[in-house]
Each structure stands twice: as C-alpha cells, then as structure tokens.
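Reader: Please take me through this structure and say what each descriptive term rests on.

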Amino acid sequence: MANDGPVEHGYPHLETVRESITALYKRLSYDTIQAFATSVPPVDVAFCDTDDLYLGAQRVARELVRHYRLPDARVIVSFREMNHAANVELAAGPEYFVELNDRFRTHRRDIGAALAHEIMHVYLHRLDLSFPGTRDNEILTDTATTYLGAGWLLLDAYREDAASSQKLGYLTPEEFGYVLAKRALVFGEDPSVWFTSPQAYTAYTKGMAQARRDEQQPPLTAAGWAGRRRYARDRRHVHGPQPGVPYTFSPDGGGHLRVTFPCPTCHQRIRVPVRGRMRARCSLCRTVLECDT
C-alpha cells in the first residue's frame, strides 16, 4: 500500500500480468471465465461513514464471496495496525480470517478494494493456482481480481495529488487499467463509469491504449504499416528469434515456415502456417483472429 509515498507508474510487471491472464484461462477454462461477465456493482460494495464498521465490512465481504462463487467460505474481518493494506489467513476453510489495516477505519470507501484482493487469495488458494515468489503471486492475485470483475475497486482506490497519495495492490495504476481494458474488450463492459477517482480514469485510458496495441501486432491484419513492413522483412530473412517483436518464425516438419505469436486476448502462443491471409482460432480463449502471415 502506497500511503502518502511515491506511486510507481508504467508497465514494469507487464509480462507477469500477461502470464497471469494465460494461467487464469488454463486453470479456469473459457466457460468459467465467461461466468464472470458482470463485474461486482458499486451498490453491492458501497460503504457509508454512518455504517457500522464491522457489520459493514462483513456485508461487503459476503458480497465479494458471492461474486467469486465461494458459497461455503466465511470471511471474518478485523482491523489492526500493520504496514500492508491487509492480510488473509489461508487455512483449510470454511472460515478465513482477513485483517485490514487500521487506516480503513477512517477510509471506509476503500474497504471493498482491500477485501477484493484478499478474498481473491482465498479463491486462488482453493484453485491451487499460484506463482513462485511473493511478488509474482501478488501480481497474479491483482490480475485475477481485476480480470474476474472486482479489480475496478483497486484502481478506484488510487488517488494522487501534490500533497498526498494512495494506491492499493502490487500493480501500477496503468497495469490495473490495462487488465481492466483487456476485460472490457472481452465482455463489452465499461468500468470507467464507476470511477470516483479522476486518476483512476486516466490510468484506465492509458491501459486501454496499451491493450489496443496488443491487437495491432503482426501477423494480425490490424497491425500498422510499420509493423507489417518489419514483419515482411523478418519473414524473408529468418535468422531465429527477432528482438523487439512478439512473433517468431520456425520451419515445421515438412520444411514449410510457421509463425508463432501471442493471442491478443489470453496471450497463449498460437502457431500457424505462413501462407498469407487466414483466420486463426485460439484454442484457449476461442478468439478468432484475422491474420496475414
């Protein structure tokens, strides 16, 4: 939690974020991810200053448990002084104990954001899905929270001005915006209408631009002129992996050339023949891609 400290910006964790999206599709399946097409609505996690602190926190926790489809999980919320925003005790269940930073006693509108991340830890724990190392595992948790419909809360908790700052989670604001944009492009949902933080809207806009660039890389037909020209040159002079581009060329068993590139939706790598205009279908997320190989 950045509390009046410097907030990191940009895309330093982008590769791990993309690996996290791929891991979600592999572990959950296309059909399960489609079941999360609707984000948790603001009304379900709203927290007024007049609400009882503990009863309100328990109510928000129940709504997030319901959103994540954890019907037999009970989350017990408490507050204490700590350096991090929150902590969850991952036991066998069905009860899970979440501790929130005392800061949230007076910053109640962000309680939903903190709980969304911690309860996602429970969800991933039950799936037995994790990455090695604390850093990568927390990035996976932030990404899963966002892609499965509750991470707009984490981005909306980001606020920064000349005198103060606050950010929850391990992703940068732009990376949260990127994952939200990837989700929006899949489900046709616009989370920006829920933002109360103007900085969150800016980060989402930047993240959407980055997500759009994923859809404009060769051999996809939406690639720009410069990318198409570079691709054609690399295709004529195949000398192994090319630096700075997402695609690689390799011969198949019959001596014909194939190209491998990431799916712009789930980032699973797709391998297709080099033979001009064609359609490719990602076997993982079922996205149909217009290509010019």
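Author: Helices α6 and α8 (residues 173-187) pack at an angle of about 35°, and their axes are 9 Å apart. The model is predicted, so local features need pLDDT of at least 70 and side-chain atom pairs pLDDT 80 or more, while totals for chains, interfaces and linings use all residues. Residues are numbered from 1 along each chain as its sequence is written, and side-chain values use heavy atoms, with hydrogens and water left out.

Reader: How do you know what counts as a helix or a strand, and what is the angle between?

Author: Helices (H or I, at least four residues) and strands (E, at least two) are DSSP runs, numbered from the N terminus. Axes are lines fitted to C-alpha atoms, for helices over the stretch in contact, and angles run from 0 to 180 degrees between N-to-C directions.

Reader: What makes the crossing of α6 and α8 right-handed or left-handed?

Author: A crossing is right-handed if the near helix is turned clockwise from the far one by less than a right angle, and left-handed if anticlockwise. α6 passes α8 in a right-handed crossing.

Reader: Which residues make the contact of α6 and α8?

Author: Contact means heavy atoms within 4.5 Å. From α6 come Asp-142, Thr-143, Thr-146 and Tyr-147, and from α8 come Phe-176, Val-179, Leu-180, Lys-182, Arg-183, Val-186 and Phe-187. By class, the contact of α6 with α8 has six nonpolar, two polar and three charged residues. Here Ala, Val, Leu, Ile, Met, Phe, Trp, Tyr, Cys and Pro count as nonpolar, Asp, Glu, Lys and Arg as charged, and the others, Gly among them, as polar.

Reader: Why is α1 called oblique to α6?

Author: Helix α1 (residues 14-28) and helix α6 (residues 134-147) pack at about 60°, with their axes 9 Å apart. That angle makes α1 oblique to α6, given that angles under 35 degrees count as roughly parallel, over 145 as roughly antiparallel, 65 to 115 as roughly perpendicular and the rest as oblique. α1 also passes α6 in a right-handed crossing. Among the residues that meet are Ile-21 and Leu-24 in α1 and Ile-139 and Leu-140 in α6. The contact of α1 with α6 divides into eight nonpolar, three polar and two charged residues.

Reader: What makes β2, β4 and β3 a sheet, and which are its edge strands?

Author: Two strands pair if DSSP finds at least two bridges between them. β3 and β4 (residues 95-101) have four bridges, in the antiparallel sense, and Ala-86 stands opposite Leu-100 in β4. The three strands form an open sheet in the order β2-β4-β3, with mixed pairing. Its edge strands are β2 (74-80) and β3 (86-89), since each pairs on one side only. Helix α5 (residues 111-127) packs on this sheet, touching β2, β3 and β4, and its direction makes about 145° with that of β4.

Reader: How is the sheet of β7, β8 and β9 paired?

Author: This open sheet has the order β7-β8-β9, with antiparallel pairing. Its edge strands are β7 (248-251) and β9 (269-273). The twist averages 30° from one strand to the next. Five bridges join β8 (residues 257-262) to β9, and Val-259 has Val-272 in β9 as its bridge partner.

Reader: Why is the chain called as compact as a globular protein of its length?

Author: The radius of gyration is taken over C-alpha atoms, and the globule rule is 2.2 Å times the number of residues to the power 0.38. The chain has a radius of gyration of 21 Å, close to the 19 Å that the rule gives for 293 residues, so it is as compact as a globular protein of that length.
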